[in-house]
Amino acid sequence: MGGRCALALAVVSALLCQVWSSGVFELKLQEFVNKKGLLGNRNCCRGGAGAPPCACRTFFRVCLKHYQASVSPEPPCTYGSAVTPVLGVDSFSLPDGAGADPAFSNPIRFPFGFTWPGTFSLIIEALHTDSPDDLATENPERLISRLATQRHLTVGEEWSQDLHSSGRTDLKYSYRFVCDEHYYGEGCSVFCRPRDDAFGHFTCGERGEKVCNPGWKGLYCTEPICLPGCDEQHGFCDRPGDCKCRVGWQGRYCDECIRYPGCLHGTCQQPWQCNCQEGWGGLFCNQDLNYCTHHKPCKNGATCTNTGQGSYTCSCRPGYTGATCELGIDECDPSPCKNGGSCTDLENSYSCTCPPGFYGKICELSAMTCADGPCFNGGRCSDSPDGGYSCRCPVGYSGFNCEKKVDYCGSSPCSNGAKCVDLGDAYLCRCQVGFSGRHCDDNVDDCASSPCANGGTCRDGVNDFSCTCPPGYTGRNCSAPVSRCEHAPCHNGATCHERGHRYVCECARGYGGPNCQFLLPELPPGPAVVDLTEKLEGQGGPFPWVAVCAGVILVLMLLLGCAAMVVCIRLRLQKRRPPAEPCRGETETMNNLANCQREKDISVSVIGATQIKNTNKKADLHGDHGADKNGFKARYPVVDYNLVQDLKGDEAAVRDVHSKRDTKCQPQGSSGEEKGNPSTLRGGEASERKRPDSACSTSKDTKYQSVYVISEEKDECVIATEV
């Protein structure tokens, strides 16, 4: 079951990589040379058992990251990293494909899930290991050589060859970036997968553009191409080569409208029309209304058209007008003849009779000859065999008599806002800044001087250029590092100031910390300036002693306030406590609160004799050895005394307290008391020794049940009473 789950997980991971990746960076390690078998620190490699001295068992660590002007070999490897197994000893060559170790395949592939940026930084470290199972890369003592470089790379199938030499070692390698299947373009960002289903019918071109299959069109090739000639508005198709008519249209090409149902002698321009033919009328064109045939109202060969209900229209021939074309048009009305010519009206035309010296259709031509000198501006005159003359004009002039000066700038030959200068027989274009050429149509390449610094990409404009800067640089020429304050590192309204390669936060009142992120209890007037240097260098900032001390002071003040409040409450309770009264005798019971009221009792617990457990934590119980030992424990053997043992240091104090308490609690009719040494109950003796009768205990012959009174004070006594 576990094997199946692992297999399914591997398949899902492979599918996700195929879906998310757009291209693959491939690195091919070809040859590594370490002739002397030395480490980077010039020490000899330990070859291990059976190996020759200075035999470096070499494996590689590869780190691919974004473009850095100064390549750092430290993580993170933003584009990916790989550690190879041991590939050889000292100098060796690596073949393509899978080698002897199944864990390594040449080339090493780094899949990309985003657009290829065109630049990268590459770190290749050759390291030595004593054991093939120990491939740790953190120990700098294992380093043989390190390659750290940055490159520009375009997408393509060709490999870029490179050789790195460090004096003692040589590494020959090659690399390329290729698009994954279905990805195209300069950055492998154009996705195109051929398909032939309901969502499209296309293949993919070289740049990832969709090429529709024959018979399909549209953005995603989902629109079929209908039968040639099928009306685009009135016809449609679901498959290529079909032509289905929309409602109201018919015919092979869906270009014939459907007439109104019942229309007999009519036509239609739109569906459901019935436009009657000549001589027919009515709703269904079934009524003969041929007025023109029967009456012939139109004159002069005009065409008559019946319009229904006995009306008609006349289409006149050229040269006639009027409702029935009865009026002829006089073409001589606008006086078309020039130079005094006379006009004669003809049918749909006219003719001009010219005076002497002029000829032409409208008498516009002169009958002069070259002898009359008709050509101006140095034009050369030549007589025509049919009469008249012609002038051959010099450069810069035109017209029938060379009377017009040629304007070379009239056709606006200059482009892009250039100024045209007429030179008489030629012209000159004065170009705007940024353009060149005869007609100022060539844009000057402003990127020719490589104005972009730090690896920036230049884009030419009109008398201008723009730079696309690599990460870490900005400005017009990519020459300025990114401002440390650009991302607003200071919080809570603080002001950020740059100081070389670091920044300083000027905190607002009441805040502190490297980035003004801590709220302080109180601060002296004026802004606080915090210098942050180590943090910008990748190290941790100083410990916030001010904030910690302020927190400790607040906690101590709170504890002192609570202690003072407790002391005040205890003093008030002691002042309100009533004074103690001496015991008055056995005749007054405990339930009436008159017998043996102790001086410092606050609370009294009354517990049945058969259920009591003595919680008094005194070490000793003192009694009269001469009295009758018929105490509470003897009469109630189930009672247990929880006595603290081995408190010998307080024996003297306990003895005095109990002596005083016995005196105070003695009844009035007592004949005396016998004093004895106090005895301490320990271990099993406490359960066997009988408790002596005291002045506060009841008589053993009483018929009332004894109770046990436990006080929270230190001077407790066991009292027998009536309940």
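The exercises below, each with a worked solution, concern a predicted model.

**Exercise 1.** Determine how many disulfides the structure has, and find the handedness of the one formed by C212 and C221.

*Solution.* Begin with the bond type: a disulfide is a covalent bond between the sulfur atoms of two cysteines. Counting pairs of cysteine sulfur atoms within 2.5 Å gives 29 disulfides. Next, turn to C212 and C221, whose sulfur atoms are 1.9 Å apart, and which therefore form a disulfide by the 2.5 Å cut-off. The torsion about their S-S bond is about -80 degrees, so this disulfide is left-handed. Finally, consider the cover around each partner: C212, with a relative accessible area of 27%, is partly exposed, whereas C221, at 0%, is buried.

**Exercise 2.** Work out the handedness of the disulfide of C245 and C254, and decide whether each cysteine is buried or partly exposed.

*Solution.* The disulfide joining C245 to C254 has an S to S distance of 2.0 Å. Because the torsion about the S-S bond is about -95 degrees, the disulfide is left-handed. For the accessibility step, the cut-off for buried is under 20% relative accessible area; C245 has 28% and counts as partly exposed, while C254 has 0% and is buried.

**Exercise 3.** Find which parts of the chain are tied together by the disulfide of C452 and C467.

*Solution.* The sulfur atoms of C452 and C467 are 1.9 Å apart and form a disulfide, and the torsion of about -85 degrees about their S-S bond makes it left-handed. C452 lies in the loop between β43 (442-443) and β44 (457-460), and C467 lies in strand β45, so the pair ties together parts that are 15 residues apart in sequence. As for cover, C452 counts as buried at 13% relative accessibility, and C467 counts as buried at 17%.

**Exercise 4.** Examine the salt bridges, and explain what the pair R151 and D162 ties together.

*Solution.* The general idea is that side chains of opposite charge can pair when their charged atoms come close. The structure holds twelve salt bridges, one of which is the meeting of the R151 and D162 side chains at 2.8 Å, N to O. R151 belongs to strand β10 (residues 143-152) and D162 to strand β11 (residues 160-165), so the pair ties together parts that are eleven residues apart in sequence. R151 counts as partly exposed at 28% relative accessibility, and D162 counts as buried at 18%.

A further salt bridge is formed by D134 and R142, with their closest N and O atoms 2.2 Å apart; here D134 is partly exposed, with 32% relative accessible area, and R142 is buried, with 15%. In the salt bridge of D197 with R195, the closest N and O atoms are 3.1 Å apart, and both partners are partly exposed, D197 at 30% and R195 at 27%. Salt bridges with shared partners also join E26, R109, E157 and R176 into one network.

**Exercise 5.** Locate V555 and P471, and decide whether each is exposed or partly exposed.

*Solution.* V555 lies in helix α3 (residues 545-576), and its 48% relative accessibility makes it partly exposed. Together with F543, W545, V548, V552, L556 and L559, V555 makes a nonpolar surface patch of about 710 Å². P471 is placed in the loop between β45 (465-468) and β46 (473-474), and at 56% relative accessibility P471 counts as exposed, because the cut-off for that class is over 50%. Although P471 and A69 are 402 residues apart along the chain, their C-alpha atoms are separated by 8.7 Å.

Key:
Residues numbered from 1 in each chain as written. Predicted model: local features only at pLDDT ≥ 70, side-chain atom pairs only at ≥ 80, totals over all residues. Heavy atoms only, no water. Patch = residues over 30% accessible without salt bridge, like charges linked within 9 Å, V, L, I, M, F, W, Y side chains within 5 Å. Areas by Shrake-Rupley, 256 points an atom, 1.4 Å probe, with all protein chains shown as cover. Salt bridge = Lys/Arg side-chain N within 4 Å of Asp/Glu carboxyl O. Helix = DSSP H or I, 4+ residues; strand = E, 2+ residues; numbered from the N terminus. Buried < 20%, exposed > 50% of the residue type's maximum accessible area, 1.4 Å probe, protein only.
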